[in-house]
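Here's a quick tour for anyone opening this structure for the very first time. Take a look at the picture, then read on.

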Protein chains: 2
Amino acid sequence: MRLSTKSRYGLRALFDMAYNAGNLPIQVKEISRRQNISPRYLEQIFQRFKKAGILKSKKGPQGGYFLAKRPEEITVQAVMEAAEGDTLLVACTCDNTGEGELCELDGNCVTQQVWKEAADLLHDYFSGLNLKTLCERGQALGLKRESNHKFMYYI
Amino acid sequence: MRLSTKSRYGLRALFDMAYNAGNLPIQVKEISRRQNISPRYLEQIFQRFKKAGILKSKKGPQGGYFLAKRPEEITVQAVMEAAEGDTLLVACTCDNTGEGELCELDGNCVTQQVWKEAADLLHDYFSGLNLKTLCERGQALGLKRESNHKFMYYI
DNA sequence: GTAGTTCCTGAGTTTGTTTGTCAAGTTTAT
DNA sequence: ATAAACTTGACAAACAAACTCAGGAACTAC
C-alpha cells in the first residue's frame with residue numbers, strides 16, 4: 001500500500017506553485033529543481049492535473065503552468081484523484097476484474113466494508129485539506145519562499 | 001495508491017479461517033477455492049503471516065494452517081504490516097531513498113505532515129479492528145459458514 | 001526565424017502477481 | 001515397518017503492470 005510518486009510529487013509541486021508562484025506561470029524546470037523531481041516525469045503528472053482542471057498551461061517563452069483555480073478551491077482529494085487516475089482510493093470494492101459478483105455470491109466480503117470505511121476516512125481527511133490550508137501550514141512552519149527566483153540568476 | 005493484493009487476499013483468507021475453521025487446521029486449497037485466490041500465491045502470503053506470528057502450520061494429511069492466536073488478538077493492522085512487509089502504511093515520510101535530509105533542507109515538506117496524519121488515521125482505524133470484530137460483522141450480515149465442508153465431499 | 005516552453009509517444013527498469021518444480025515432513029493404510 | 005498419499009516449504013521462472021525517464025514534435029513569444 002504505497003502511495004504512488006505521482007501523488008507525492010504532484011502534491012509537493014502544486015504546493016510549491018501555490019506557495020511560491022501565486023498566479024504566475026512557472027516552468028516545470030523550476031519546480032523540478034526546487035523539489036528535486038525529474039522534470040520529464042513531472043511533466044506527465046502535470047498533464048494529468050491539466051486534464052483534471054487543476055492546472056492550466058501556456059506554451060512558449062515566459063510560459064509554464066499555473067493554477068486553474070484559487071488555492072482554496074483545490075483540495076488534496078482532487079489532487080489525489082487526478083494523480084492516481086483510477087480514483088481508487090484504497091482500491092478494492094471487491095471488483096478487481098469483474099469478480100465483484102463472485103464476492104457477492106460468496107458473501108464473504110466483510111473485508112470490503114473495512115476497505116470502504118478506510119477509504120472514506122481518507123476521503124474525508126483529504127477533502128478537508130486544500131492548497132490554501134497547506135500554504136498556511138507552510139507559513140506556520142516558517143518555510144522560506146523563493147520569490148523572484150527568475151531574476152536572481154539573470155543579474 | 002492501490003492496496004496490494006497481499007493485504008486484500010490475506011485479510012480475506014484470515015477472516016475465512018476465523019469464521020469457518022475456528023482452531024482446526026485448514027488447507028490452502030480449501031481457502032483458495034472458497035475465496036477464489038490463486039493457491040500458490042496464497043501460500044506465499046501465508047508464509048509471511050507465519051513469520052509474523054499470525055499463523056502456524058502443520059504438514060501432512062489433516063494438516064494445514066491455523067491461527068496462532070485467538071481472533072481478538074489479531075488486529076487488521078498486524079495483518080497489514082505482515083502482508084505489506086515494508087510496514088509503510090502510506091509510504092512517505094519523505095525518505096524514499098535517503099532523500100530524507102534533502103526534504104528537511106528544502107523545508108518544503110508540508111506534504112509530509114499530510115501523509116503522516118493520513119497514515120496515523122489508517123493506523124488507528126486498523127488497530128481497532130481484529131478478526132473477532134470481523135467475524136461478528138460477518139454474523140451480523142448473515143454470512144453462511146461452510147462448516148463440515150470436508151465431509152460433504154466424502155459421502 | 002530563433003529560442004524557450006509544453007505536449008505526445010515510447011523505451012528501460014523495477015515491482016507485483018502468477019505459475020512451476022522439487023524437497024521435506026506427517027498421517028494413514030497395508 | 002514400509003509404502004503411499006497429502007500437505008507445507010523453498011526457490012525460481014514467467015508474466016503483467018506500473019514507475020521512471022528520454023527524445024523529438026508542436027506551439028508561442030520576441
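A disulfide, as the word is used here, is a pair of cysteine sulfur atoms within 2.5 Å. Keep in mind that what you're looking at is a predicted model. Across all chains, the structure holds zero disulfides. Two cysteines are still worth finding. A:Cys135 has a relative accessible area of 11%, so it counts as buried, the cut-off being under 20%. B:Cys135 is also buried, at 11% relative accessibility.

**Around the DNA**

Now for DNA strand C. It has 25 residues around it, and the closest are A:Lys50, A:Ser57, A:Tyr65, B:Arg40 and B:Tyr41. Of the strand C atoms that come within 4 Å of the protein, 62% belong to sugar and phosphate. Some side chains make polar contacts with the strand, and here are three of them.

| Residue | Part of DNA strand C | Distance |
|---|---|---|
| A:Glu43 | base nitrogen | 2.9 Å |
| B:Ser38 | phosphate oxygen | 3.1 Å |
| B:Gln44 | base oxygen | 3.1 Å |

Which elements supply two or more residues to the surface near strand C? From chain A they are H3, strand S1 (55-58) and strand S2 (64-67), and from chain B they are helix H1 (5-21) and helix H3 (39-51). H3(A) gives the largest share, with four residues. Sort that surface by class and you get seven nonpolar, 11 polar and seven charged residues.

**A helix tucked inside**

Next, find helix H4 of chain A, residues 76-84. Seven of its nine residues are buried, so the helix is largely enclosed by the rest of the structure. The buried ones are A:Val76, A:Gln77, A:Val79, A:Met80, A:Ala82, A:Ala83 and A:Glu84.

What covers the buried residues of H4(A)? Within chain A, the cover includes helix H1 (5-21), helix H3 (39-51), helix H6 (110-127) and helix H7 (131-140). Chain B joins in too, with its own helix H6 (110-127). Right after H4(A) comes A:Gly85, with a positive phi near 80°.

**A hairpin in chain B**

Finally, switch to chain B and look for strand S1 (residues 55-58) and strand S2 (residues 64-67). These two pair in the antiparallel sense, over four bridges. One of the partnerships joins B:Lys58 to B:Gly64 in S2(B). Together the strands form a hairpin, with five residues between them. In the turn sits B:Gly60, which has a positive phi of about 80°.

Definitions and conventions: Residues numbered from 1 in each chain as written. Chains lettered and ligands numbered in written order. Predicted model: local features only at pLDDT ≥ 70, side-chain atom pairs only at ≥ 80, totals over all residues. Heavy atoms only, no water. Buried < 20%, exposed > 50% of the residue type's maximum accessible area, 1.4 Å probe, protein only. Contact = heavy atoms within 4.5 Å. Pairing = 2+ DSSP bridges. Near = heavy atom within 4 Å. Polar contact = N/O pair within 3.5 Å; in protein donor to acceptor, adjacent residues only side chain to side chain. Nonpolar A, V, L, I, M, F, W, Y, C, P; charged D, E, K, R; others polar.
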